[in-house]
Amino acid sequence: MTRAPANLLALRSLLLTHLDNAPGPDDLDPAEVGIVGDPAHRGGYHCGSDRVVTNDYSVVESPRDRAGLTLDAAALDVGQFEVRSGGGTHTLASFSLWCVGQCAASAADTRDIREVIYSPDGSTVKRWDRLGKRSTGDSSHRWHTHVSFFRDAIKAGRDQRPLFRRYLSSIGLLEDDDMTPEEHNWLATVHKNLTVLDGRNPIGQIYTRMAEGRDDTGAPVIGNWNLQAMTKQLTALQTTLNALAGEDFTDEAAIVQGVLASLTPEKIAAAIPPTIAKQVADELARRLVA
């Protein structure tokens, strides 16, 4: 039987966590956020392999869907809401327009979205289709927005929450996080490599506090990767490095050897996300010419 996959259940949970019981005249109720179509539903992204129909558009129009067809549904419906946050009022229509804008701009965290069917005004129904095959939908989308995901992304279990986290951050319902998914991955790789500095020297002690989410006094901070906290810790790390630059340590060779073993040029290059890599390359080119 068609089932709700874990990654879409996680997305549903994210939206309900922040929009259900949110301040405002109309929060988002659990019954308004659906993944699997009702038993009579046949064809489309709310259906898995047991319910698709002949030449189902959700299968035949993209190789990503053909390769990803399983019993999993690959769509999420979001119902009406009107909440107040961050000094503004936010509705299903404004949410939908924001999502479509991100999709049209090809934001990195929208690339698994096939289509968004929505109403910008509660009357006209529109469809943004990554494949450019359709432009509208049925009248039920006046009061709910439908988001389809390419089936191979659902089959692979890819996290579909980043885009929606950005929306919730943009309206003030979730702590802001300006880093892209690539930058998060890069930071995690740096964290893994720098654990060779395990606290046996001042540099390692500062990094250990930073990684554990503690400030320079050892007090906890909110969130291990809070950007403001990390900026403070990285500044402290740089200060310590400057202070230690002229000192002689008996275990200096061992420290250097341990760091270089993990931070080879190849590993550094592989870890840097594209958004940062070009900036680094441009800066190095500038310095070599100067």
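Strands S2 and S7 run antiparallel and are joined by five bridges. This pairing belongs to a predicted model of a protein whose secondary structure comes to twelve helices and seven strands. Of its 290 residues, 38% count as buried. Among contacts in the protein with a separation of 6 or more, 61% are between residues 24 or more positions apart.

**The open sheet**

- Five strands make up an open sheet with antiparallel pairing, and their order is S1-S2-S7-S5-S6.
- The edges are held by S1 and strand S6 (126–129), each of which has a single partner strand, so one side of each has no neighbour in the sheet.
- Helix H1 packs on this sheet and touches S1, S2 and S7; the direction of H1 makes about 15° with that of S2.
- Between S2 and S7, Gly-79 stands opposite His-144 of S7, and Val-78 has Thr-145 of S7 as its bridge partner.
- S1 and S2 also run antiparallel, joined by two bridges.
- In that pairing, Val-33 stands opposite Val-78 of S2. Val-78 thus has a partner in S1 and another in S7.
- In general, strands of a sheet pair through backbone hydrogen bonds, in either a parallel or an antiparallel sense.

**Burial of strand S2**

- Five of the five residues of S2 are buried, so the strand is largely enclosed by the rest of the structure.
- Both faces of S2 are covered: one side carries Ala-75, Asp-77 and Gly-79, the other Leu-76 and Val-78, and all of these residues are buried.

**The nonpolar core and its helices**

- The largest nonpolar core contains 36 residues, and Phe-81, Phe-149 and Phe-164 have the most contacts inside it.
- Two or more residues of this core come from each of helix H1 (6–19), strand S2 (75–79), helix H4 (92–104), strand S5 (113–118), strand S7 (144–149) and helix H6 (162–170).
- H1 contributes the most to this core, with six residues.
- As a general tendency, nonpolar side chains in soluble globular proteins are buried together.
- The axes of H1 and H6 come within 10 Å of each other and cross at roughly 10°. An angle under 35 degrees counts as roughly parallel, and H1 and H6 are therefore described in that way.
- On the H1 side, the contact with H6 is made by Leu-11, Leu-14, Leu-15, His-18 and Leu-19. On the H6 side, Phe-164, Arg-165 and Leu-168 take part.

**Aromatic pairs**

- A search of the whole structure finds five aromatic pairs.
- In one of them, the rings of Tyr-45 and Tyr-57 have centres 5.5 Å apart and planes at 85°, so this pair is edge-to-face.
- This pair links distant parts of the chain, with the two positions twelve residues apart in numbering: Tyr-45 lies in the loop between strand S1 (33–34) and helix H2 (57–60), and Tyr-57 lies in H2.
- Tyr-45 has a relative accessible area of 1% and is buried.
- Phe-81, Phe-95, Trp-98, Phe-164 and Tyr-167 are linked into a cluster by ring pairs. Two members of this cluster, Phe-81 and Phe-164, are also among the residues with the most contacts inside the largest nonpolar core.

**The S3–S4 hairpin and Arg-84**

- Strand S3 (residues 82–85) pairs with strand S4 (residues 88–91) in the antiparallel sense, over four bridges.
- Within this pairing, Glu-82 stands opposite Thr-91 of S4.
- S3 and S4 form a hairpin with two residues between them, and Gly-86 in the turn has a positive phi of about 60°.
- Arg-84 is located in S3. With a relative accessibility of 48%, Arg-84 counts as partly exposed.
- The C-alpha atoms of Arg-84 and Ala-22 are separated by 7.6 Å, although the two residues are 62 residues apart along the chain.
- Leaving aside residues up to four places away in sequence, Arg-84 touches Pro-23, Gly-24, Pro-25 and Thr-89.

Conventions. Residues numbered from 1 in each chain as written. Predicted model: local features only at pLDDT ≥ 70, side-chain atom pairs only at ≥ 80, totals over all residues. Heavy atoms only, no water. Pairing = 2+ DSSP bridges. Phe/Tyr/Trp six-rings, centres within 6.5 Å; stacked < 30°, edge-to-face > 60°. Buried < 20%, exposed > 50% of the residue type's maximum accessible area, 1.4 Å probe, protein only. Core = buried A, V, L, I, M, F, W, Y, C linked by side-chain atoms within 4.5 Å. Axes fitted to C-alpha atoms, helices over the stretch in contact; angles between N-to-C directions. Parallel < 35°, antiparallel > 145°, perpendicular 65-115°, else oblique. Contact = heavy atoms within 4.5 Å.
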